[in-house]
Structure formats: C-alpha cells, structure tokens
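User: Hi, could you help me read this structure, one piece at a time?

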Amino acid sequence: RAAAAAPASTAQLRQGARSQTCVPGPVDVPARPLNYVAPIESASWPIGCAEVGADACAAISAAARGREVVLVVAGAAEHAQLRAFAAAAATAGFHDQLLVATDDDATAALAKGELHLAAFTLRLPPPWPSPAGLLKYAALEAVLGAGCGVVFSSLTTKWSDAPFAYLYRDADVEAVAAGG
C-alpha cells in the first residue's frame, strides 16, 4: 500500500514546489552592508584576473547577472549529470547564470559548446591532485576572489526555481541545507 501512495506523494511535492505557497517573502530583518571584495558599484569588475586567469574571469563575467552565479564543479566522468543539471537549470530559470568549473578540457568544451554554458578550467598546482573537494574550494575561491556572489550546487541537487530571489543578502555567507 505504501508503494502505491508514493507516486501521489511525489506528484504532490512537485506541485507544492511550484505553488504560490512557496514564494520568496519580504525581507523583515535589518540588513547591514555586505563585505564585497569589489564594491558593487565598481566599474572595475571582475577583479583578481591575474590570479585566477583571463579565461576564468571571462567565464565569470559571462555567467554573472547582478554579479551572482550558480557554480557547479564537473569532471570527465560526470558529463551525463552535467547535461541533466543544465536542462534542469533551464527549466528552473537560471541556465544563463550557471557557471561550470572543471579540471579537464573535455568537460569545459562540452559545457561551452553543446550546453552553451560559461565554463573555466582550473589546474591545481603539483603535488595536489584534483579531487572534487579541492577543486570545489579552488573554484569558489576564484569566483569569490573576482568579486562575484556565488551559490554552490552539486550536480545532484534538484532545483525547482532559481535560487536568487530566495536570498536575503543580509549576511556574507548564506547556506542551504536539506533537513533540520
């Protein structure tokens, strides 16, 4: 009996995610100025391109809207997941703000070519290998260091809407968690 109820529950959850009950509310907390690396009104943006490279700065600039991006890290073994995530991002409304960081040229080519996404390649200096954890933090450092706000997402995260309307922007770091 539980198995028969599961599809209805899933359908109800999907409907609820798009319903009017789950919309961003007004900000009711006093905001303080955020500590931007580069002032938001600065014409000199992105910054730090000498450190992260011209390709990374170009990709960040291409994806940023209001100096904010959704960042994912993808590797050579994750092309199918990247395709699925890009399609879901288009449905949720943030495909044009999606930024892909990778450590291999084939994934960057896939992102830029077939998927029409902004992407950049990071190479960690020897002796460091490029496991996803290290690459994630290097990519976050590059985007934040350029003066851009970032929402980091794994390729397995399911988004029903673009996340930017849900951010209060009253703290330098905001986090999303699944569960309590």
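Analyst: Gladly, and one definition comes before anything else: helices and strands here are DSSP runs, counted from the N terminus. Please also keep in mind that this is a predicted model.

User: Okay, so where is D104 found?
Analyst: D104 lies in the loop that runs between strand 2 and helix 5.

User: And which backbone nitrogens does its side chain get to?
Analyst: A side-chain oxygen of D104 comes to within 3.3 Å of the backbone nitrogen of A106, at the start of helix 5, and the side chain of D104 also reaches the backbone nitrogen of A76, at 3.2 Å.

User: What about R123, how far away is that from D104?
Analyst: R123 is the nearest side chain of opposite charge, but it is 6.8 Å away, and D104, although buried, has no salt bridge. A salt bridge would need the charged atoms to be within 4 Å.

User: Moving on to helix 5, which of its residues are buried?
Analyst: In helix 5, which spans residues 105-112, the buried ones are T107, A108, L110 and A111. They cover an arc of only 160° around the axis, so they sit on the same side of helix 5.

User: What covers them?
Analyst: The cover over the buried residues of helix 5 includes helix 4 (79-92), strand 2 (98-102) and strand 3 (118-121).

User: New topic: how many disulfides are there?
Analyst: The structure holds 1 disulfide, and it joins C49 to C57, with the sulfur atoms 2.0 Å apart.

User: Are those two cysteines buried or exposed?
Analyst: C49 is partly exposed, with a relative accessible area of 27%, whereas C57 is buried, at 4%.

Definitions and conventions
Residues numbered from 1 in each chain as written. Predicted model: local features only at pLDDT ≥ 70, side-chain atom pairs only at ≥ 80, totals over all residues. Heavy atoms only, no water. Buried < 20%, exposed > 50% of the residue type's maximum accessible area, 1.4 Å probe, protein only. Helix = DSSP H or I, 4+ residues; strand = E, 2+ residues; numbered from the N terminus. Arc of directions from axis to C-beta. Contact = heavy atoms within 4.5 Å. Polar contact = N/O pair within 3.5 Å; in protein donor to acceptor, adjacent residues only side chain to side chain. Lys, Arg positive; Asp, Glu negative; His and termini not counted. Disulfide = S-S within 2.5 Å.
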